[in-house]
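Hi,

Here is the structure I promised to pass on. Have a look at it first, and my notes follow underneath.

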Amino acid sequence: MPTIHAKPDTLNSINANYQQTALQQPVFLNSVPKCGTHLLKNIFRMFVPVAQQYDKQFIQIPILHQHLAAFSSVQPQLSWGHLLFSDSSAIALKNVRQLVIVRDPYDWVLARARFFLSDTFQGSMDHLKGGKVSIEQMLNMMIFGIYQKAPTLNEIYTHNAVAWLGTGSKLVRFEDVISYLKKLDTPQAEAFFTDLLQPLGLAELPADWRERVLAGADKEQSGTYRENLAGQKVELPAVLPDMQKQLVEYAAPGLRRLLGYY
């Protein structure tokens with residue numbers, strides 16, 4: 001597995017500032033990689049006792065069998081990871097409240113490229129750093145994958161998100177979270193976060209819910225946040241170029257609409 005060097009956060013100590021309600025059922029935050037996983041995880045951590053946060057590992061298929069305790073109904077916990085849809089993962093999550101976090105595939109291509117080109121990630125993409133390929137070539141590799149080294153956009157979204165739809169999992173769009181974070185004082189934001197945090201089984205949001213959300217959403221607490229990535233030497237475009245947008249539609253027709261992006 002690749003190596004990810006991200007700075008640790010201090011959210012466990014911040015968690016102690018708030019009164020917590022014990023989980024009654026296990027909750028798993030599943031996601032397509034590079035879709036705001038750490039943001040959602042950190043927000044949720046502000047509403048769950050530290051003792052019920054399964055922080056032993058970021059759960060993925062190759063190590064699933066070692067971490068089945070995360071999904072125990074007897075000792076409910078909040079856990080997180082990138083868990084592909086499969087027979088073993090479906091069995092493991094049968095009685096778990098699961099959220100599936102996605103991002104607009106257009107923006108995901110840029111986020112994935114930015115991450116792989118940073119020093120935060122060390123692995124199979126290292127040979128592409130330092131301007132070895134053009135920006136457009138790198139973006140195309142994020143869309144179409146690299147033979148025997150990296151899966152395609154279609155494969156990643158299919159197995160990490162699409163295949164989980166219709167199975168009782170809750171779909172969460174990263175952009176919606178960002179949108180309501182920017183207008184946290186509105187009734188619409190309260191309705192959104194009430195629904196988002198519903199899998200935790202809270203009777204209602206605590207009075208200090210906004211403070212908790214802001215603490216979890218603090219960019220300084222996420223080592224994989226864009227501005228905190230180490231060694232960024234290549235400036236990627238802010239918006240995916242039109243040709244690459246067309247290539248996304250070619251590579252994964254119907255995907256954006258299925259996930260609610262129009």
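**Strand 2 and what surrounds it**

In strand 4, L78 is the bridge partner of V27. That pair belongs to a longer match: strand 2 and strand 4 (residues 78–82) run parallel to each other over 4 bridges. Strand 2 also pairs with strand 5, again in the parallel sense, this time over 5 bridges. V27 turns up there too, standing opposite R97 in strand 5.

Before going on, please keep in mind that this is a predicted model.

So how enclosed is strand 2? Of its 5 residues (27–31), 5 are buried, so the strand is largely enclosed by the rest of the structure. V27, L29 and S31 point one way and F28 and N30 the other, and every one of these is buried.

**Two buried glutamines**

Q98 sits in strand 5 (residues 97–102). With a relative accessibility of 7%, against a cut-off of 20%, Q98 counts as buried. Outside its neighbours within four places in sequence, Q98 is in contact with F28, N30, L93, W164, S169 and K170. F28 and N30 in that list are the two strand 2 residues that point the other way from V27, L29 and S31. S169 is worth a click as well: Q98 and S169 are 71 residues apart along the chain, yet their C-alpha atoms are separated by 5.0 Å.

The other one is Q53, in the loop between helix 2 and strand 3 (59–60). Q53 has 6% relative accessibility and so counts as buried. Which backbone atom does the side chain of Q53 reach? It is the oxygen of V48, at 2.9 Å. Again setting aside neighbours within four places in sequence, Q53 is in contact with N12, N15, R45, V48, Q77, L78 and W80. L78 is the residue we met above as the partner of V27.

**The nonpolar core and helix 8**

The largest nonpolar core has 75 residues, and F44, F71, V109 and F193 touch the most other members. Helix 4 (residues 105–116) gives the most to this core, with 7 residues. If you want one residue to start from, try F44: beyond its neighbours within four places in sequence, F44 is in contact with L29, L78, L99, L196, L197 and L200.

F193 leads to helix 8 (residues 187–196), where the buried residues are A189, F192, F193 and L196. Viewed down the axis of helix 8, these fall within an arc of 90 degrees, so they line one face of the helix. The general rule behind this is that an α-helix has 3.6 residues a turn, so residues three or four places apart point the same way. What covers the buried residues of helix 8 includes helix 2 (37–45), strand 5, strand 7 (170–173), helix 7 (174–181) and helix 9 (209–217).

**The whole chain**

For the overall picture, the protein chain has 11 helices and 7 strands. It runs to 262 residues, of which 48% count as buried. Among contacts with a separation of 6 or more, 78% are between residues 24 or more positions apart. The exposed surface of the protein chain is about 12,900 Å², with carbon and sulfur atoms supplying 52% of it.

Over to you!

Terms used:
Residues are numbered from 1 along each chain as its sequence is written. This is a predicted model: local features need pLDDT of at least 70, side-chain atom pairs count only at pLDDT 80 or more; totals for chains, interfaces and linings use all residues. Side-chain values use heavy atoms; hydrogens and water are left out. Buried means under 20% relative accessible area, exposed over 50%, partly exposed in between (1.4 Å probe, protein chains only). Contact means heavy atoms within 4.5 Å. A nonpolar core is a set of buried Ala, Val, Leu, Ile, Met, Phe, Trp, Tyr and Cys residues joined through side-chain atoms within 4.5 Å. Two strands pair if DSSP finds at least two bridges between them. The arc is that of the directions from the helix axis to the C-beta atoms. Accessible areas come from the Shrake-Rupley method with a 1.4 Å probe; for residues, only the protein chains shown count as cover. A polar contact is a pair of N or O atoms within 3.5 Å; within protein, one must be able to donate a hydrogen and the other to accept it, and residues adjacent in sequence count only if both atoms are side-chain atoms.
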